[in-house]
Amino acid sequence: MRIILRILSYLKNHKLRVFFAYFSLAGSTISFMAMPRLLGESVDSVLDQGSTSFLIWAGLAILGAAVFRGIFSFFDTYMRETLGQRVAYDIRNVMFNHLQGMSFAYHDKQQTGQLMARATADVENIRMFIGMGVLRMSYLFFMTASVLALLLTLDWKLALMSLAFIPFIVGRSFVIGGQLRKIWTRAQERTGELGIALQESLSGIRVVKAFSRQEHENANFSSKAGELAKENLASVRVMATNTPMMAFLFTASTALVLWFGGQQIIDGSFTAGELTQFLLYLAMLQMPIRMLGFMINLISRGTVSGQRIFEILDAVSPVRERPDAIPLDGIQGHVVMDHVSFGYDGASPVLRDVSIEAKPGEVVALLGATGSGKTTIVNLLPRFYDVTEGSVLLDGIDVRTATLESLRNKVGIVQQDVFLFSASIRDNIAYGAHNASDEDVIEAAKAAQLHNFILDLPEGYDTWVGERGVTLSGGQKQRLAIARTLLLDPAVLILDDSTSSVDTRTEHLIRQALESLIQGRTTFVIAQRLSTAKNADQILVLKDGEIIQRGKHEELLAEGGLYSEIYELQLRPQEEAGEAVTARDEASS
Ligand code: ADP
C-alpha cells in the first residue's frame with residue numbers, strides 16, 4: 001500500500017492531466033450507463049404502447065450516447081497513456097540522476113544488468129500500472145458501484161440474489177493478488193539476472209570468443225531466459241484459471257436472474273423492459289469482473305517493480321556532499337593524508353595509519369606489490385571513498401567539507417582503462433571541461449602528442465570514436481586520457497604508470513605527454529617502473545596497506561629493505577632492458 005501511494009505521488013506533478021483523465025472517464029462511463037436504461041424503456045414502450053415515436057427518440061439518444069462515449073473514451077485513453085508515459089519519464093530521470101550520484105562503494109556492489117533491468121522493465125511495469133491500472137481501477141470502482149446501485153433500485157431482492165457471488169470474488173482477488181506478487185517478485189529478479197547475463201556476455205564478447213565459450217554463454221543465457229519464461233507462465237496460469245471461474249459464476253447468476261425475473265414478469269410484478277435493463281446492467285458488471293484479474297496482475301507487478309525501483313532511490317551514497325560544502329578555489333595542491341585508515345567493508349582494513357604530505361608541485365611515487373593498497377590511497381583524494389579514520393586535506397581543507405564537483409575538478413586522474421564515449425574525438429577530450437574552446441582542445445591534444453594522429457583521421461577532430469566509431473589503440477587512448485585531464489587543469493594529479501604494454505615509440509610519446517601534464521602539479525604516481533619512481537620527490541613503499549619505507553631513490557637504496565629488493569628483482573633488469581632498447585632505437589634513427 002505504501003509503495004502504491006508512493007508511485008501515485010508521482011502523479012502530483014501532473015494534476016491537470018489527472019483531472020482531465022477523470023473527467024473523460026466519468027463522461028464515458030455516464031454515456032455508457034445510459035444505454036441499458038434507454039434500451040429497457042424502449043422495450044416497455046413498444047410492448048405497452050406499441051409507440052414508435054419513443055422508439056425513434058430512444059434510438060437517437062442511444063446513438064448520441066455512443067458518440068459521446070466514443071469521444072470521451074478517446075480522451076480517457078489518451079490521458080491515461082500520457083500520464084503513464086510522464087510518470088515513467090519522471091521515474092527514469094530521477095533514477096538515472098540518483099545512480100549518477102552514487103559513490104564507488106555503491107557501484108562496486110551493484111550489477112549493471114540488474115540496474116538496467118530496473119531502469120527499463122520495472123519502469124515499464126509502473127507505466128502500465130499508471131496507464132492501465134490506476135485510473136481504470138477508479139473507473140471500475142465507479143462503474144461497479146453505480147451499476148450495483150441501479151440494480152438495487154430496480155429490484156433489490158433480485159439484485160442481492162444475483163450478486164451473492166461478489167464477496168467470493170473479492171476474497172479470491174486478494175488471494176490471487178498475493179500469489180501474483182510472489183511470482184512477480186521472482187520474475188523481476190529473473191529479468192535482472194537475464195539482464196546481467198546479456199550485459200556481461202556482450203561487453204565481454206571478446207573474452208567469450210577468445211576462449212570459445214559461446215556454447216557456455218548460450219546455455220547460461222538460455223537457462224536464465226527459461227527461468228523467466230517459467231515465472232511468466234506461472235502468472236499466466238494463475239490468471240487463466242481465475243478468469244473462467246469468474247465467468248462461470250457470472251453466467252450462473254445471469255441464469256438465476258432470468259429464472260426468477262421471468263417468473264416475476266409472469267406474476268406481473270416486473271416488466272419485460274425492467275428485466276431487460278436488469279440483465280443489461282448485470283452484463284455491464286461482467287467487464288469489471290473480468291478486468292479484476294488483469295487489474296490485480298497490474299497492481300501486483302506495479303508494486304513489485306515500485307519496490308525494486310524505490311530500493312535504488314532510497315539507497316544513500318556513503319560519500320555525500322555536506323549541505324554546507326564549500327567550493328574549492330585557487331588550490332595550490334598541498335596534499336596531506338593525516339593518519340588515514342580505510343577498509344572497503346568496515347571489517348578488514350585495507351589501509352592502516354597512512355600519513356603522507358605532498359607539497360605543491362611534488363611528485364609522489366607509490367610502490368608496492370599488487371594489492372598493497374596503492375590504488376586505494378589515490379582513490380581517497382577525489383573522495384571516491386571516504387576514510388574510515390583520519391583525514392585527507394587539500395591545501396589544509398578537509399576534502400569532506402568541499403563540494404564534490406570542485407574537488408573532482410581539482411584532482412585529475414588518468415585512469416588505466418580509458419573509457420571512450422560514443423562521441424566525436426573532440427567531445428571525448430573535452431569530456432571533463434565541456435566549456436573548453438576548440439583552441440583549448442587542440443592545445444591539449446598537442447601537449448598530449450595526439451594532435452598529429454587526430455589530423456590524420458578521416459574527419460579530424462569530428463571523427464566519431466567509442467562504440468561504432470574509430471577504434472583507438474591502447475597508447476592513443478592513454479594520450480586521449482592525458483589530453484582530457486590536461487584540459488581540466490587540475491592542481492593534483494593521479495597517474496597510473498602502466499605503459500608497459502606499448503612499444504617504445506608510443507611509450508616515448510606518452511612519456512612526453514605525461515611530462516607536460518605533470519608540469520606544476522602535485523602528482524601521485526602508481527609506479528610500475530623504476531624510472532618514474534627514481535625521479536620522484538618522494539617514494540612511498542607500501543606493504544599490506546602500510547607505508548614501510550619512504551624517501552628518495554638513493555636514500556631508499558642505501559637503506560636496503562623492500563625497495564632495494566624490488567629494485568634488484570624486477571626494476572633493475574627492466575631498466576637495463578629499457579636502456580638497451582632506447583640506445584638501439586637511438587642508434588638506428
Ligand atoms: P594495488 O593498487 O596496490 O594493487 P588496491 O588498492 O587495488 O591495491 O587493493 C588493496 C586491497 O583492497 C586488495 O586486497 C583488494 O582486494 C582490496 N580492494 C580493492 N578494491 C576493492 C573494492 N572496490 N572493494 C573491496 N575490496 C577492494
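Student: Is R80 buried or exposed, and what is its relative accessible area?
Tutor: This is a predicted model, in which local features need pLDDT of at least 70, side-chain atom pairs count only at pLDDT 80 or more, and totals for chains, interfaces and linings use all residues. Residues are numbered from 1 along each chain as its sequence is written, while side-chain values use heavy atoms, with hydrogens and water left out. A residue is buried under 20% relative accessible area, exposed over 50%, and partly exposed in between (1.4 Å probe, protein chains only). R80 is therefore buried, with a value of 2%.

Student: Which residue meets the side chain of R80 in a salt bridge?
Tutor: A salt bridge needs a side-chain nitrogen of Lys or Arg within 4 Å of a carboxyl oxygen of Asp or Glu. The N to O distance here is 3.3 Å. The partner counts as buried too, since D76 has 5% relative accessibility. So R80 pairs with D76.

Student: How many residues apart are D76 and R80 in helix α3?
Tutor: Helices are DSSP runs (H or I, at least four residues), as are strands (E, at least two), numbered from the N terminus. Helix α3 covers residues 52-101, and the two side chains are separated by about one helical turn because their spacing in sequence is 4 residues.

Student: How far apart in sequence are the parts tied together by R308 and D122?
Tutor: R308 and D122 form a salt bridge with their closest N and O atoms 2.7 Å apart. R308 belongs to helix α10 (residues 272-314) and D122 to helix α5 (residues 112-154), so the parts tied together are apart in sequence by 186 residues.

Student: What is the relative accessibility of D122?
Tutor: Its partner R308 is buried, with a relative accessible area of 6%. D122 counts as buried as well, at 0%.

Student: In the salt bridge of D489 with R521, which residue is exposed?
Tutor: The closest N and O atoms of D489 and R521 are 2.6 Å apart. D489 is in the loop between α16 (474-488) and β9 (492-497) and R521 in the loop between α17 (504-518) and β10 (522-527), so this pair ties together parts 32 residues apart in sequence. R521 is buried at 8%. At 54% relative accessibility, the exposed residue is D489.

Student: Which residue offers its backbone oxygen to the side chain of S173?
Tutor: S173 sits in helix α7 (residues 166-203) and is buried, with a relative accessible area of 9%. Leaving aside neighbours within four places in sequence, S173 is in contact (heavy atoms within 4.5 Å) with L292 and I296. Its side chain reaches, at 2.7 Å, the backbone oxygen of I169.

Student: What percentage of the ligand's exposed area does the protein bury?
Tutor: A backbone N or O atom of G371 lies 2.7 Å from an oxygen atom of the ligand, and an N or O atom in the side chain of T375 is 2.3 Å from a ligand oxygen. Taken alone, the ligand exposes 560 Å² (Shrake-Rupley method, 1.4 Å probe), of which the protein buries 60%.

Student: Which helix gives the largest share of the shell around the ligand?
Tutor: The ligand is surrounded by residues with a heavy atom within 4 Å of it, among them D108, Y344 and K374. The largest share is 3 residues, and these come from helix α11 (residues 374-380).

Methods. Polar contact = N/O pair within 3.5 Å; in protein donor to acceptor, adjacent residues only side chain to side chain.
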